Amino acid sequence: MKLPRKYSSCEFVPAILLLLILPALAIASWTRPLDHDEQQFVASGALLARYHLLPYVDYPYFHLPNLVFIFAGLFLTNGFLLLTARSFNVVCAWLLLLLFFALFSRRFRILGDSRWVVACGFVLVLAVNPLFRYTAGLAWNHDLPILVSVAALALLLQREKTKRSGFCTWLAGGLLGLAVGTRLSFLPLALPFVIIAGWRGGFRCILLFLAGFAVACLPALILMATGPRRFLFDTFVYNGPVNLAYRQSLIPSKITLKSKELFAFKQAFTVPSNGLLCFAFALYNVWPLFRTRSAKALCAESKAILLLLPFLFLGAWMPTPSYRQYYYSLVPFLFWGVAAQLAHTWTMESSRPLLFAALAATFAVGVFESIPDMRSDHYLASARHWPAFAVHHQGVAITDITGEGPVLTLCPIYPLEGGAAIYKEFATGPFAWRTAPFVAEEDKDRALIVDADDLIPYLSHAPPRAVLTGFEDQTLEHPLVAYAQSNGYKPVKLIGLQVAWIKQ
C-alpha cells in the first residue's frame, strides 16, 4: 500500500507565500491613483463591449488592439471597469511569478527540497523589484505581453523534452504574436525568436512558429485590412512624427539621444535593485562568455536571453520620450538569466547558505526601496476609497448629476464607469486632443481626430448633455470650458478642481 506523501516546510512555506502574493499585488494595484495612460485602454474596451465600436475603424487608438478585445470581454461581466482591467493585469503579474517559480524550482532540483525555498526567494526578489512594482497591475499594456513572451521562450526551450514539440513551437509563436498584438515594442523580438525556433529545430520549426505568430496577430491584421491608412496612422505615424513634434514643442531636451541614453543608464544603475540585477547578470552570463570565449559556458536559457536582450532594449528605448515602465520588459528576462546560469554552474553544496543570504539581502534592498511607495493615506482604511473602487463610485455620482450623456471630457473613464456615453473621438483621453495641432489637416478626418478649432462644428450635430473638466491640464481643457460657458452650461463643483458643466 502506497503511503501518502509528506510535505516538508520547504514546500509548504513557499506555497503559502506564493498564494499571499496575489492579494498583496491586488491591494497594491487597487490603491494606486488613476494614471491617465489607463484611459484609452479602459475606454476602448468599454466602447467595444457596450456599443460594438472598433479601434481605428470608429475611434482613434494608438496601440495594437489585442487588449481591447480582452478588456471588452471582461467588461461584459460587470460595470467596474478600472477595477476589472487592473485585476486582469494583477493576475498576469501573479502568473508571471508562478511561471518563474516553476522554472526556477525545476532548474535548482540539484538542491533537493531546498529548491522550493530558492525558487521562492527569486520570485520574492522579482516581486519587490522597483520596475515590477511600478508597472505591474495598472490598466495598461505591459503585464500581458511580458507574461506571454516569457512563456513563449519557456516553451521553445522545453520543446525538445516533450513529444509535442511541434505544437509547443506553434503555441510559442502564438504567444509572441499575442504579445506583439498587445504592445508594438515587442515586435523586435520576432527576429531573435525565429532564430531560437530554428535553433536545432530547422526550417519546419520556423514555419510552425510563424504560423502561430500569424494566427495571434489576426485581430490587428483584420483591422488593418479594414482601414489600412487609419491603422498605419494610429500605430506608426502618431507614435512617430506626430508625437515627436508635440514633444519637441514642450520638452525638446527630453527627447535627444543623449537624454534617452542617460535615462536608460539611470534606470539600470542608480536604482540599487536594478544595479544589483545588472551586476549579477553580467557576472554570471556576460563574464563567463568573455572569459572562456565559448558559448558552451552558458546554459540554453542564458544563450537565448543574451540574444533577446538587445531587441528588448530596442523596444524599450525607441518610444519618445522614455518612461520607467518601458524598461520593465528587461527585468524578468534578466532575473531568468541570473537564476538559470547560477543553477547551471552550481557545484558546491557548502555554498547553499551563501545563496540564501544573497537572496535575503537582495529582497531586503527591494523592501527598503519600496517604503516610500507604501500607502499611508487615510483612504486605505476603507476599500471604498481605494482608487480602483472610488473611480467607479465617483463615475456613478457624476452620471447621477449629468445624465447618461453624451458627455464631453478628456477623462472618459468617469462617465463610462457611471454608464454614460462619451464621444468616441475622445476615447484616447487627452492624447489625440493634445496632438491634434500637429496633425495635417487632410489626416484629421481620416484619423477621427478633433482639433480645438473644429470643436464647435463637431458638437453642433450632437451637443453634449454635460462637459467634465478639471481632470487634465487647464490649457488642454480651456476650449472645453469656453464651449460650456458660451453655450449656457451651469457649473457644478465635484471634487477638488473637477467641474461638471450641465446643460440647462
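## Cavities, pocket and cores

By class, the residues around the second largest cavity come out as five nonpolar, two polar and one charged. Keep in mind that this is a predicted model. The residues in question are E425, F426, T428, G429, A432, W433, I449 and V450, and the space they enclose is about 40 Å³.

How many cavities of 30 Å³ or more are there? The count comes to two. The largest cavity holds about 90 Å³ and has 14 lining residues, with R183, S185, F186, Y326 and S329 nearest its centre. Helix α15, residues 300–317, gives the most to that lining, with four residues. Eight of the lining residues are nonpolar, five are polar and one is charged.

Then there's the open space. The largest pocket takes in about 980 Å³. It has 40 lining residues, and the ones closest to its centre are R183, N239, P319, T320 and Y326. R183 and Y326 also turn up among the residues nearest the centre of the largest cavity.

Which helix gives the most to the lining of the largest pocket? That's α12, with eight residues. Helices supplying at least two residues each include α2 (39–51), α12 (228–250), α13 (257–269), α15 and α20 (430–435).

Here are the three spaces side by side:

| Space | Volume | Nonpolar | Polar | Charged |
|---|---|---|---|---|
| Largest pocket | about 980 Å³ | 20 residues | 14 residues | six residues |
| Largest cavity | about 90 Å³ | eight residues | five residues | one residue |
| Second largest cavity | about 40 Å³ | five residues | two residues | one residue |

Now for the packing. In soluble globular proteins, nonpolar side chains tend to be buried together. In this chain, the largest nonpolar core has 124 residues, and those with the most contacts inside it are F100, F108, F122, F132, L153, F193 and W336. Helix α4 (residues 81–107) brings the largest share of this core, 14 residues. Apart from it lies another core of 16 residues, including W433, L459, V467 and Y489. W433 is a familiar name by now, as it also lines the second largest cavity.

What does F122 touch once its neighbours within four places in sequence are set aside? The list runs F104, F108, F335, V338, A339, L342 and L359. F108 is, like F122, one of the residues with the most contacts inside the largest core.

A216 makes a nice local example. It lies in helix α10, residues 202–216. Is A216 buried or exposed? The cut-off for buried is under 20% relative accessible area, and A216 has 16%, so it counts as buried. Leaving out residues up to four places away in sequence, A216 touches N66, G174, G177 and L178. Take G177: it sits 39 residues from A216 in sequence, yet the two C-alpha atoms are 4.9 Å apart.

Stepping back to the whole chain, there are 23 helices and four strands. The radius of gyration is 25 Å, close to the 23 Å that the globule rule gives for 504 residues, so the chain is as compact as a globular protein of that length. Along the principal axes, the C-alpha atoms fill a box of roughly 80 × 55 × 55 Å. Buried residues make up 52% of the 504. Among contacts with a separation of 6 or more, 71% join residues 24 or more positions apart.

Technical notes: Residues numbered from 1 in each chain as written. Predicted model: local features only at pLDDT ≥ 70, side-chain atom pairs only at ≥ 80, totals over all residues. Heavy atoms only, no water. 1 Å grid on protein atoms, 1.4 Å probe; cavity = no way out; pocket = protein on both sides within 12 Å on 5 of 7 lines; lining within 4 Å. Points joined across faces, edges and corners; volume = space filled by probe spheres on them. Nonpolar A, V, L, I, M, F, W, Y, C, P; charged D, E, K, R; others polar. Core = buried A, V, L, I, M, F, W, Y, C linked by side-chain atoms within 4.5 Å. Buried < 20%, exposed > 50% of the residue type's maximum accessible area, 1.4 Å probe, protein only. Contact = heavy atoms within 4.5 Å. Rg over C-alpha atoms; globule rule 2.2 N^0.38 Å.
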